[in-house]
Amino acid sequence: MTEPDATGRFGRFGGRFLPEALMPAAKAVEAAFREAWADPAFTTEYRRLLTHYAGRPTPVTECARLSRALGVRVLLKREDLAHTGSHKINNVLGQALLARRTGKRKLIAETGAGQHGVATATAAALLDLSCTVYMGEEDVRRQALNVFRMELLGAEVVPVSSATNAGTLKEATNAALRAWVNETEEAHYCLGSVMGPHPYPWMVREFQRVIGDEARAQCAELLPTAVPDVVVACVGGGSNAAGTFAGFVGTPARLVGVEAAGGSAVDKGVLGVLHGFTSHFLQEESQVLEAHSISAGLDYPGVGPEHVHLAERGRAQYPSVTDEQALRALRLVTRLEGILPALESAHALAWVVDAAGTGELPAGSTVLVTLSGRGDKDVQQIREHLR
Ligand SMILES: Cc1ncc(COP(=O)(O)O)c(C=O)c1O
């Protein structure tokens, strides 16, 4: 992966487009991250928490029955086994340590599926920080269990809607940015994906690259070719995919980021600016549109800037799959492997199932899929859809 330029851009995308009141705070986060990331005391403490608190390294699981059914060799990088049940914990532990290092007493976060909110509330409890999580009203409904988990952990969850819609991740992000304006002195904005103003897309990727670095080393031990033919991850904002791709971008592996059909910003989005960065956003006549996905973590109308840059350079591809394809894949993997994936991760798996079926993945190929989270949070949703 490339480093962003001095203005935080990956090619034409990224940057820092913020109201004047937030500029100093975002620049301070960048300066603090640069200093911390070069400081062995910080990185040692971060790695210690990843190992002894988050449970890393997560394993790579060989899926024998699924592989037989599809005719391709499927390996899963198991972020569902990390503490709190998803990859979100990797980023949050880094940012919470950064908040403490810069003397902040509070974390502010936005959340869609609730996994980032749960991870943030967890890190806040661990490091004795207070925590407020903004969440769209629609997502509060869809992810009631995660709202309760956050409250148990001591966080305040603030439901958000707008005049025109029920409220999902877009509205939650608006509200979190507004709250940060009033609290820059005492609060760190713990953004949950590779989006938002510089340095977040870069910083979050660096905190998530542990997924790809581990997987690369694990594949080197497991595979005669050392590198899988294809590396696949689902893309909402794009953090689990960016972290995974970081480990393989310098190899010949084909990189595939799978978006939800109703949120395929890389492919169907148009160049625009939202939430402090330039990227592709679903929009019509300069109005940002609502994204749709059965999974709360994938219905953001934009995507992290580095992904659009990778797509433009032809280094990664971004197909999309429908709710139905994701649900079918979820049932298949659960039945064959005894692993219930998060609905988000089921999108990545659905692409593998379909690509194996159409021959886009030649028989005998080796495919590594990042299983970004476990499906426990989605059981109620899945039940409603399968009834
Ligand atoms: C389990 C899981 N996977 C994936 C995502 C999508 O986020 P990202 O694209 O940043 O990895 C989310 C977001 O909430 C999630 O909870």
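**Two domains, one sheet and some unusual bonds**

Modeller: The domain assignment of this chain gives domain 1, made of 9–49 + 88–199, and domain 2, made of 56–86 + 209–386. Please keep in mind that the model is predicted.

Colleague: How far apart are the centres of domain 1 and domain 2, and how many residues of each take part in the contact?

Modeller: Taken over C-alpha atoms, the centres of domain 1 and domain 2 are separated by 22 Å. The contact takes 40 residues from domain 1 and 47 residues from domain 2.

Colleague: What area do domain 1 and domain 2 bury between them?

Modeller: The two domains bury about 3,300 Å² between them, and 57% of it lies on carbon and sulfur atoms. On the side of domain 1, the residues that lose the most area to domain 2 are Phe13, Arg142 and Lys170, which together make up 21% of what that side buries.

Colleague: Why is the meeting of Glu290 and Lys170 called a salt bridge?

Modeller: The name requires a side-chain nitrogen of Lys or Arg within 4 Å of a carboxyl oxygen of Asp or Glu. The side chains of Glu290 and Lys170 meet at 3.6 Å, N to O, which is within 4 Å, and therefore the pair is counted as a salt bridge. Across the interface of domain 1 and domain 2 the rule finds three salt bridges, and 15 residue pairs there are in polar contact. Helix H8 (169–182) is among the elements that give two or more residues to the side of domain 1 that touches domain 2, and the largest share of that side, six residues, comes from H8.

Colleague: What makes the pair of Glu3 and Arg205 a link between distant parts of the chain?

Modeller: Glu3 sits in the segment before S1, whereas Arg205 belongs to helix H9 (residues 200–222), and the two are 202 residues apart. Their closest N and O atoms are 3.2 Å apart, which is within 4 Å, so the pair meets the rule for a salt bridge. A search of the whole structure finds 27 salt bridges.

Colleague: How do you know that strand S5 and strand S6 pair?

Modeller: Two strands pair if there are at least two bridges between them. Six bridges join strand S5 (residues 106–111) to strand S6 (residues 130–136), and these strands run parallel, so the condition for pairing is met. As an example, Leu107 has Cys131 in S6 as its bridge partner. Helix H5 (residues 115–126) packs on the sheet, where it touches S5 and S6, and the direction of H5 makes about 170 degrees with that of S5.

Colleague: Why is one side of strand S7 and of strand S8 left without a neighbour in the sheet?

Modeller: The open sheet has four strands in the order S7-S6-S5-S8, with parallel pairing. Strand S7 (156–160) and strand S8 (187–189) stand at its edges and have a single partner strand each, so one side of each has no neighbour in the sheet. Neighbouring strands of this sheet are turned by 20 degrees against each other on average, direction ignored.

Colleague: What makes Asp128 and the bond from Arg56 to Pro57 worth a second look?

Modeller: Most residues other than glycine have a negative phi, and most peptide bonds are trans. Asp128, in the loop between H5 and S6, has a positive phi, near 60 degrees. The peptide bond from Arg56 to Pro57 is cis, with omega near 0 degrees, and Pro57 is found in the loop between helix H2 (40–52) and strand S3 (60–62). Another cis peptide bond joins His198 and Pro199, with omega about 15 degrees, and Pro199 is found in the loop between S8 and H9.

How values were computed. Residues are numbered from 1 along each chain as its sequence is written. This is a predicted model: local features need pLDDT of at least 70, side-chain atom pairs count only at pLDDT 80 or more; totals for chains, interfaces and linings use all residues. Side-chain values use heavy atoms; hydrogens and water are left out. Axes are lines fitted to C-alpha atoms, for helices over the stretch in contact, and angles run from 0 to 180 degrees between N-to-C directions. Contact means heavy atoms within 4.5 Å. Domain bounds come from an automatic or database domain assignment. Buried area is the accessible area (1.4 Å probe) that two parts lose on being put together, summed over both. A polar contact is a pair of N or O atoms within 3.5 Å; within protein, one must be able to donate a hydrogen and the other to accept it, and residues adjacent in sequence count only if both atoms are side-chain atoms.
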